[in-house]
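Thank you all for making time this morning. I would like to walk you through one structure slowly, going from its loops to its helices and then to the spaces inside.

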Amino acid sequence: MQVQLIAELSHLIADPARILTAPAILDRLSHDFYWYSPILKPLLVDKKADVVIQPIGVEEILAIARFAGHHEVPITVRGAGTGNYGQCVPLEGGIVLDLSLMDKLEEITADGVAVCQPGLRLATLETEARKQGWELRMYPSTLAKASVGGFLAGGSGGIGSVTHGGLRDFDNVRAFEVVTMEDAPRIVLHEGPAVHEILHAWGTNGILTRIWFALAPAVDWAQFTAAFNTYEQAFRFTQFVAVDPVWTKRLATVFEWPIPSFFAPIKQIVRQDKSLALLMIATDQVEALRRAAVDAGGEVTFTGAFTGPRTQPLLSDYTWNHTTLWAMKADPAFTYLQCGFSPTECERQFGLLRARYGNEILFHIEFMKNGEGIVIPGAIPIVRFSTPERLNDLIDYCRAIGVFVANPHVNYLEDAGRFRADNIQLLAKQKYDPRGLLNPGKMISFHKQPVL
């Protein structure tokens, strides 16, 4: 199949160097960070594409889509490959469409909207936006590598979400164009509520080609850490900052001990046996925050300017799902969950989980604003893995006590936490990819209609 594919595709791509077939390259570009999950790791390790194509424009994508549709060849779209669910792993071979060369920032509009191609790196956008008085509303901890398109297709929020919510909230994503996988592929503009057809659908129902991504006015940020004797103290202080609108913040994170001990490169800001609060705060509020932390029983262990993605130390490298990576480096038995606790019942929920699972679960909270404007304790707890049954018991119990779980140990959208209850993504799949050729196997509620 590969030889025939390459021969036919070579007529569609101007430069044959952008058709990749070397086994090592196929393996690398067919995988992401799925190995964070001990469940997904054995399931996905051997999956790979027959060929990787790196288009440089929408006309090439349309040509590839027409070819793939005519020959019933699956297409799996790849951003920068920083996801954790195996979003860009091709389950049925075929073509991996690597959009990394489509990385142009077309403009930043006067009202702060970035118009760009999907392969643009978020770090590049943050740097360029700040030159014009703007900044990203939110970004993942993989800022240095992640692409805008990959973030929209596979992400949900990140640093900045404590103020600006998630990708699906507050018109953070204004519009995008997608190429469909219909019999006659076309470019469809999605604006306003229509973006939810495609947003966080893992490239299962359209190929992002152009994006309008809202920015925020740039703030002079500082990084701030404080150590507390107990997790309860650290949590309450961080929650106080996260919830109170008087604080201008970009990040509000809390880790219980021993999670901070995993952060070897920044051990100077960690205190033995103490929980750690880590925040990004407006520079002009640092002294007030210092006083508040001390009044709450904390020891301020670090303050320093955030000057952009190259800041050292870049403390966001230890938050969100990078925390999981540091835990796994310390002990490969660790994995994680993605949770949302109740803003009013969270401490009771923490107690129930601790009573049932002890130190099998370690609390790592990322505060974020939901679509109703309420700041909630989002969470990426560290979990010590023993068996799939025990992990699933933990997930079931979380849900039974009112803790939302986006299960990162499945390779399909429906249980991964951002599949919409109104089925808008499924309806879009049926409309734009009726033959099920885009990232097949990742939307299990989709069933290809039989040909009559």
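Let me begin in a loop, the one between β12 and β13 (275-282), where you will find P258. The peptide bond that joins W257 to this P258 is cis, with an omega of about 15°. Please keep in mind, here and throughout, that what we are looking at is a predicted model.

There is another bond of this kind to point out, and here the partners are Q312 and P313, joined by a cis peptide bond whose omega is about -10°. If you want to find P313 on the screen, look in the loop that runs between β14 (299-305) and α10 (322-330).

While we are still on the backbone, let me add E72, which has a positive phi of about 55° even though E72 is not a glycine. This residue, too, sits in a loop, namely the one between α4 (58-71) and β3 (75-78).

Now I would like to turn to the helices. For those who are new to this, two packed helices are described by the angle between their axes and by the distance between those axes.

Let us start with helix α8, residues 231-243, and helix α11, residues 346-357, whose axes come within 12 Å and cross at roughly 150°. Because of that angle, α8 counts as roughly antiparallel to α11. The crossing in which α8 passes α11 is right-handed. On the α8 side the contact is made by Y231, F235, R236 and Q239, and on the α11 side by C346, E347 and F350. If we sort these residues of the α8 and α11 contact by class, we get four nonpolar, one polar and two charged.

Helix α8 also has a contact with helix α9, residues 286-295, and here the two helices pack at an angle of about 145°, with their axes 10 Å apart. Once again α8 passes its partner, α9, in a right-handed crossing. The residues that meet are F237, F240 and V241 from α8, together with L289, A292 and A293 from α9. What classes do the residues of the contact of α8 with α9 divide into? There are six nonpolar residues in this contact, with no polar and no charged ones.

Coming back to α11, we can follow this helix to another partner, α12, where the axes come within 11 Å and cross at roughly 155°. That angle is why α11 is described as roughly antiparallel to α12. This crossing of α11 and α12 is right-handed. From α11 the residues L352, L353, R356 and Y357 meet R390, D393, L394, Y397 and C398 of α12. By class, the contact between α11 and α12 holds six nonpolar residues, no polar ones and three charged ones.

That brings me to the spaces within the protein. How many cavities of 30 Å³ or more does the count come to? The count comes to two.

The largest cavity has a volume of about 60 Å³, and the residues that line it are Y357, E360, V383, R384, F385, S386, R390, L391 and L394. The elements that contribute two or more residues to this lining are β20 (382-384) and α12 (388-400), and the largest share, three residues, comes from α12. Notice that Y357, R390 and L394, which line this cavity, also appear in the contact between α11 and α12. The lining of the largest cavity divides into five nonpolar residues, one polar and three charged.

The second largest cavity has a volume of about 30 Å³, and its lining includes G158, I159, R250, W320 and F367. Two or more residues of this lining come from each of α7 (161-164), β12 (249-255) and β18 (364-369), with β12 giving the largest share, three residues. In terms of class, the second largest cavity is lined by six nonpolar, three polar and two charged residues.

Finally, let me show you a pocket, the second largest one, which holds about 250 Å³ of space. Its lining is made up of 17 residues, and those that lie nearest the centre of the pocket are R28, L29, R78, A80 and G81. When the lining of this second largest pocket is divided by class, we find five nonpolar, six polar and six charged residues.

Methods. Residues numbered from 1 in each chain as written. Predicted model: local features only at pLDDT ≥ 70, side-chain atom pairs only at ≥ 80, totals over all residues. Heavy atoms only, no water. 1 Å grid on protein atoms, 1.4 Å probe; cavity = no way out; pocket = protein on both sides within 12 Å on 5 of 7 lines; lining within 4 Å. Points joined across faces, edges and corners; volume = space filled by probe spheres on them. Nonpolar A, V, L, I, M, F, W, Y, C, P; charged D, E, K, R; others polar. Axes fitted to C-alpha atoms, helices over the stretch in contact; angles between N-to-C directions. Helix = DSSP H or I, 4+ residues; strand = E, 2+ residues; numbered from the N terminus. Parallel < 35°, antiparallel > 145°, perpendicular 65-115°, else oblique. Left-handed = near helix turned anticlockwise from the far one by under 90°. Contact = heavy atoms within 4.5 Å.
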